[in-house]
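Student: I would like to learn how to read a helix and its surroundings. Could we go through an example together?
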Amino acid sequence: MKKFILKITAAGAIVASLAYCSTAKKITTTAVSLKDAYKNDFLIGTALNTPQIEERDPKAAALIPVQFNAVTPENCMKAENIHPQWDQYTFDLSDKLVAYAAKHNIKVNGHTLIWHSQLPQFARRIKDVDSFKTFFTNHINTVASRYKGKVFSWDVVNEALNEDGTMRKSIFLDKIGDGFVTEAFRLAEKASPGTELYYNDYNNEQPKKREGCIALVKKVQAAGVRIDGVGIQGHWHLGRVPFKDIEESILAYHALGLKVMITELDIEMLPRNFQGADVNQRQASNPALNPYANGIPDSLLQQQAADYANLFKLFLKHKDKITRVTFWGVNDGQSWLNGWPIPGRTNYPLLFDRAFNPKPAYHAVMALKK
Ligand code: XIL
């Protein structure tokens, strides 16, 4: 009889031990981790929050470099944080992130240069078109050039599309017109040549939004401007992962000559009344919508493991097209889905539980590589 023992060592590595009970002989195999298991397939990333960037959480600090070889800042590079006033930039935390990643040989995906959400107040208040264009240009030039050669890639534009594939009515569309996406890529390329440049969105695996995304990419390409990839955020729901749409989208984006990434993966376990990941959309709090505050049934964790396994099977099938799969957070307790779209819930969307222990979903994803 043999059984697997999995434990997190002090160094954060998940060590698989094969214990042969019959012979009482214990063989400790080499440390295994997500990034090692998938090293020949695609990068495995995570979003990082402030305490994680500052290595203030010892368990996270031990686990992150072992499990992940790509990071995306969860908030610190967004305009409201990095560019709070017209002539003021706060680079401290982003500089720390870049240094942290360099120390651990981790690739950084900058997130994000142009996005209608988490914009600084001063930018929202700009009325004059020329001033807004100056803000747009200065922002991209200043931020992208600071991290030239230091970040591997940028989400140049985030969430420019509506669900029906038309352009979202944002301040960027209003002030600059629908050429703002192409212009953003043009400026980013100039400020940071050699950095990979991506368009990122949620629900862009859905057929209508996908069509809009394809049209947007073609427009950038037709202008002779470089775009290297498309990010599908991947905020999906338990039992409702749209596998067919995801596969069709991977194929469609790849056919445009682009790299495909899953950039913000999580599988939400709690109910809500809409799909998507518009951070401005909220839902009223109600105890019935927080059913697992004291723990989640194992049957649901098993179902989540099956969803994750099927997703990674699909990603492996298309590993020639997919360059990175990034989770939106390290462990369940740190996920944004505990606070959005309803504050104060207890969600379980990631591969590690609140104590940083690997969940059934972790084992299921790792099992595909055994
Ligand atoms: C989220 C962060 O996780 C939260 O901490 C923040 O309050 C709001 O934004 N799509 C994106 C991400 O592109 O930047 C969002 O991140 C989640 C949805």
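Tutor: Gladly! Keep in mind that this is a predicted model. Let's start with helix H9 and its cover.

Student: What covers the buried residues of H9?

Tutor: The cover includes strands E6 (107-114), E7 (153-158) and E8 (196-201). Helices H7 (129-146), H8 (171-176) and H10 (207-222) are also part of it.

Student: Which residues in H9 are buried?

Tutor: Here is the general idea: an α-helix has 3.6 residues a turn, so residues three or four places apart point the same way. In H9, the buried residues are Phe180, Val181, Thr182, Ala184, Phe185, Leu187, Ala188 and Ala191.

Student: Why should H9 span 16 Å?

Tutor: H9 has twelve residues, 180-191, and at 1.5 Å a residue the expected span is therefore 16 Å. The end C-alpha atoms of H9 are 16 Å apart, which agrees.

Student: Now the strands, please. How many residues of E6 are buried?

Tutor: Seven of the eight residues in E6 are buried, so "mostly covered" is a fair description. E6 runs parallel to E7, with four bridges joining them; Gly110 has Trp154 in E7 as its bridge partner. Strand E5 (residues 70-73) also pairs with E6 in the parallel sense, over two bridges, and Ala70 stands opposite Lys107 in E6.

Student: Which residues have the most contacts inside the largest nonpolar core?

Tutor: In soluble globular proteins, nonpolar side chains tend to be buried together. Here the largest nonpolar core has 102 residues, and Trp154, Phe180 and Phe185 are among those with the most contacts inside it, along with Val157, Leu265, Phe312 and Phe315. Helix H12 (residues 298-317) gives this core its largest share, ten residues.

Note on methods
Residues are numbered from 1 along each chain as its sequence is written. This is a predicted model: local features need pLDDT of at least 70, side-chain atom pairs count only at pLDDT 80 or more; totals for chains, interfaces and linings use all residues. Side-chain values use heavy atoms; hydrogens and water are left out. The expected span of a helix is 1.5 Å times one less than its number of residues. Buried means under 20% relative accessible area, exposed over 50%, partly exposed in between (1.4 Å probe, protein chains only). Contact means heavy atoms within 4.5 Å. Two strands pair if DSSP finds at least two bridges between them. A nonpolar core is a set of buried Ala, Val, Leu, Ile, Met, Phe, Trp, Tyr and Cys residues joined through side-chain atoms within 4.5 Å.
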